[in-house]
Amino acid sequence: MSNTLNGAGGLTSVPALLHRNATQFGSAPAYREKEFGIWQSWTWSQTNDEIEALALGLLDLGVAEGDFIAVIGRNRPYLYWSMMAAQMVGAVPVPLYQDASAEEMAYTMSHCGARFVIAGDQEQVDKVMEIQGELTEFEAMIYLDPRGLRKYDNANLTQYSAVQEAGRSKRAALEPEMKARIAKLNYDSTCVMLYTSGTTGKPKGVVLSNRNVIETAKSSSEFDDLRQTDDILAYLPMAWVGDFIFSVGQALWCGFCTNCPESADTMHTDLREIGPTYYFAPPRVFENQLTNVMIRMEDASPMKKRLFDYFMGVARKVGPSILDGNPVSLIDRIKYQLGEFAIYGPLKNTLGFSRVRVGYTAGEAIGPEIFDFYRSLGINLKQLYGQTEATVFITAQPDGEVRSDTVGITCPGVELRIAENGEVFYRSPGVFVKYYKNAESTADTKDAEGWVATGDAGFIEESSGHLRIIDRAKDVGQTGNGHMFAPKYVENKLKFFPNILETVVFGNGKPYCTAFVNIDLTAVGNWAERNNIAYASYQELAGHPEVLATIQSHVEEVNASVAQDAMLSDCQVHRFVVLHKQLDADDGELTRTQKVRRRIIEEKFSDIINAMYDGSDTISTTTEVTYEDGRKGAISATLDIRDAAVQTVGAKIAAE
Amino acid sequence: MLDQADGYMTADGRQIGPVVMEMKNITLRFGGVEAIKNISFDIREGEVRAIIGPNGAGKSSMLNVISGFYVPQDGQVLYKGVQRPQMRPYQVAQQGIARTFQNIALFEGMSVLDNVMTGRLTHMKTGMFSQALWKGRAEKEETANREVAERIIDFLEIQAIRKTPVARLPYGLKKRVELARALAAEPSLLLLDEPMAGMNVEEKEDMSRFILSMNDEFGTTIALIEHDMGVVMDLSDRVVVMDYGKKIGDGTPDEVRNNQAVIDAYLGVVHDE
């Protein structure tokens with residue numbers, strides 16, 4: 001399909017693709033949104049009309065070429081149309097995170113100098129009004145949902161439908177201008193600007209061209225054989241590059257249908273009703289769904305539970321092989337078919353995954369058990385690796401070559417290079433144009449030949465050619481023996497145990513590796529309750545000998561698994577401490593997005609770290625804590641330092 | 001007082017219309033107990049009118065008089081200028097008065113949607129048999145009513161529990177469902193009996209937001225009983241204060257707040273909150 005389309009030529013901009021879809025798939029559904037309990041839908045030709053009306057309305061409001069238009073709100077067809085309408089008049093859409101605070105929005109909006117804002121509802125309108133004093137270039141705002149806004153008396157506030165109405169009524173006068181602007185768009189015109197989340201410093205505006213978006217959409221759609229008849233559910237933040245590529249890039253390229261949930265809370269019901277064929281979710285979502293299934297199975301009748309346990313055993317054994325097309329015995333196939341009828345089918349239906357042909361997860365490491373659970377049900381869940389600067393796709397797993405510990409092979413058109421220090425570099429047609437108003441960062445990230453530094457360290461597995469990401473490059477170091485030290489690689493393995501909430505591994509330049517462990521109060525507390533272990537506080541539970549023994553067994557299991565990896569075998573944890581307090585963003589130990597801040601933890605707990613390296617068995621320490629209301633206090637504790645068994649790599653080679 | 005005027009303008013610029021309901025010298029007795037003693041006040045179109053008072057002040061009795069459930073021994077209740085005869089509850093509903101209850105009174109076994117749909121009953125004209133057959137007019141009617149119900153579900157942000165049986169919902173959501181059902185009747189006067197009772201701060205904030213936007217969006221006249229003072233003062237246009245069955249204050253929240261009788265009787269000694 002795509003070859004003939006490519007041959008048709010001229011598909012070098014979003015309006016061009018939209019026009020093609022409106023003429024070629026005119027009566028096929030393009031967007032659906034559940035509203036008032038019913039799925040409302042728009043065909044491609046209706047979508048085109050709506051977008052054109054809005055684009056004409058924007059012209060009427062005085063939008064000039066090159067203007068930035070901020071789009072803020074939850075996933076709704078109208079807001080996707082806003083972005084496309086902006087492109088039609090030569091403006092640049094800038095989707096912003098809807099849960100951003102007013103100050104964060106003030107930064108991004110004044111950075112890009114947005115003249116216009118299209119806001120979803122009163123909440124977003126209020127935020128913009130709060131900061132409009134700081135926005136020198138801001139002129140007018142368009143709002144979608146009028147609820148609560150009737151009383152607002154503001155000349156620069158217009159309802160979305162009124163803008164479209166104005167556009168429709170002045171069509172004759174404005175259409176030539178719109179057509180002229182569309183004609184000027186080419187492959188190098190800016191398609192969209194997306195702000196990075198800004199975990200390290202201020203958010204940066206990533207400028208993506210039509211070439212970036214369309215080339216990436218084209219090659220990734222071919223990679224996964226995406227079709228015009230596919231359905232996706234758009235529920236991830238519109239400001240995130242992934243959503244832009246799935247719901248705008250690939251949706252336009254393939255002409256498939258984007259479905260928007262009724263509200264954030266109804267996402268799971270809507271997912272079930274739509275049954276998407278192409279689905280993306282971060283690992284957290286899959287994890288929550290699995291937990292819900294397991295909790296509900298605990299309450300099921302014994303008969304149902306036994307059936308479930310039996311068939312899940314079958315699925316775990318042969319499910320992934322069947323999915324990958326590997327040989328499986330006839331008996332097992334029959335059992336799996338029975339399971340499909342009795343358990344897997346209904347379960348997939350409940351989860352909304354009955355029709356999923358291609359499913360992706362990315363963003364963080366996914367626990368192998370979670371990953372295998374979905375795959376064993378016959379859901380084609382895969383991993384990909386990407387970032388905003390690459391227009392998402394760097395590597396992805398092809399069908400049939402899926403594993404939980406790799407992120408796949410390079411996507412079509414992408415070149416990959418691993419630097420001396422292990423950092424991954426890539427070059428592709430999707431490589432971003434620049435960081436807006438930030439030539440310095442652009443030069444730091446992208447070299448003259450177009451290679452982009454990912455900031456992640458990884459290696460290409462020789463046996464399969466798959467990329468494996470081990471850590472952030474700046475955290476990777478060397479152990480005292482000169483071997484590679486990748487703390488996150490070990491931490492992720494530890495965190496896959498439900499009992500472990502958070503962990504920090506040390507060892508850069510040290511003779512051996514050590515770890516801090518935070519127990520998960522929910523999981524461990526639940527266990528304590530079932531085993532009649534009384535505890536009064538987090539601290540007491542964390543110091544319980546049986547808890548320590550359990551954590552020790554987890555650490556040793558991880559050591560055994562780390563030892564399998566010749567490159568990283570020196571990262572085994574020799575000694576560990578279960579911390580007396582939970583690492584907390586209020587104490588500065590985690591970022592607001594719950595990521596570990598190593599330097600601060602190293603400083604704050606230096607006495608405990610030293611004790612782990614000087615051979616002591618216990619350490620008494622006092623730690624300052626900040627309560628939620630800002631008051632400060634101190635907790636003191638005597639902590640056990642535990643030794644964990646490690647595998648010698650030599651022994652492992654001998655055992656083979 | 002405002003009795004003679006056609007209405008007034010609120011501080012936030014809403015036009016309040018003429019009197020919808022007027023209570024004239026109401027006295028209500030249960031045997032020898034005088035629950036309400038000679039009280040007069042009015043409720044105007046488009047306003048949020050609160051009745052406050054300490055426990056046992058007679059607030060709920062007053063609301064029951066307004067809703068027509070109790071008939072006062074003395075005094076007149078004028079609804080839209082007409083003296084109200086003794087009525088059955090369904091006749092009150094047909095007059096366009098809807099209410100919620102202090103102790104939630106929903107159909108526990110039914111879904112949220114079905115509960116909201118019961119609020120539409122006064123707007124349905126087809127009979128039981130044609131509804132059972134669900135052909136022609138009955139079908140059209142249900143579709144139209146379902147749309148109204150769905151708009152209210154959307155308005156109160158309870159889409160996610162549309163199909164959930166009410167019995168499974170937490171208290172705060174049940175309160176919201178009850179509000180949805182009352183709103184589904186498209187009432188011209190909505191009576192809320194302690195809408196915030198037993199709620200946490202967040203739920204109270206949500207409820208306040210809904211009450212205000214309801215009034216704003218649909219222009220619904222709202223009379224509410226509440227003993228959370230902070231909430232009442234923020235929400236209401238005018239407040240009636242009762243104590244031991246007597247009216248001890250009536251006016252805007254500011255007037256009431258500075259009324260010495262009210263301070264003495266209800267708010268008591270100033271303390272930190």
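pLDDT is the predictor's confidence in each residue, on a scale from 0 to 100. Two residues are in contact if their C-beta atoms, placed from the backbone, lie within 7 Å. In chain A, residues 1–8 have pLDDT under 50, and the model gives this stretch 4 contacts beyond four places in sequence. Residues 651–656 of chain A are also below 50, with 2 contacts beyond near neighbours in sequence. Over chain A the mean pLDDT is 89, and 96% of the residues reach 70 or more.

This is a predicted model, in which local features need pLDDT of at least 70, side-chain atom pairs count only at pLDDT 80 or more, and totals for chains, interfaces and linings use all residues. Residues are numbered from 1 along each chain as its sequence is written, while chains are lettered from A and ligands numbered from 1 in the order in which they are written.

**Chain A**

Helices (H or I, at least four residues) and strands (E, at least two) are DSSP runs, numbered from the N terminus. Chain A has 23 helices and 28 strands. With a radius of gyration of 27 Å, close to the 26 Å that the globule rule gives for 656 residues, chain A is as compact as a globular protein of that length. The radius is taken over C-alpha atoms, and the rule is 2.2 Å times the number of residues to the power 0.38. Along the principal axes, the C-alpha atoms of chain A fill a box of roughly 80 × 65 × 50 Å.

Of the 656 residues of chain A, 44% count as buried; a residue is buried if 20 or more other C-beta atoms lie within 10 Å of its own, exposed if 12 or fewer, and partly exposed in between, with C-beta atoms placed from the backbone. Among contacts in chain A between residues at least 6 apart in sequence, 64% join residues at least 24 apart.

**Domains**

Domain bounds come from an automatic or database domain assignment. For chain A the assignment gives domain 1 (2–252), domain 2 (280–472) and domain 3 (479–655). The C-alpha centres of domain 1 and domain 2 of chain A are 29 Å apart. Their contact takes 26 residues from domain 1 of chain A and 21 residues from domain 2 of chain A. On the domain 1 side, the elements supplying at least two residues each include α5 (102–112) and α10 (241–255) of chain A, and α9(A) gives the most, with 9 residues.

Chain B is assigned domain 1 (1–96 + 187–273) and domain 2 (109–185). Their C-alpha centres lie 27 Å apart, and the contact takes 11 residues from domain 1 of chain B and 9 residues from domain 2 of chain B. Both α2 (89–94) and α7 (201–218) of chain B supply at least two residues of the domain 1 side, where α7(B) gives the most, with 4 residues.

**Contact between the chains**

The contact between chains takes 11 residues from chain B and 10 residues from chain A. On the chain B side, α5 (137–155) and α7 of chain B give two or more residues each; α5(B) gives the most, with 4 residues.

**Residue classes at the contacts**

Ala, Val, Leu, Ile, Met, Phe, Trp, Tyr, Cys and Pro count as nonpolar, Asp, Glu, Lys and Arg as charged, and the others, Gly among them, as polar.

| Side of the contact | Nonpolar | Polar | Charged |
|---|---|---|---|
| Domain 1 of chain A, touching domain 2 of chain A | 12 residues | 9 residues | 5 residues |
| Domain 1 of chain B, touching domain 2 of chain B | 8 residues | 2 residues | 1 residue |
| Chain B, touching chain A | 1 residue | 2 residues | 8 residues |
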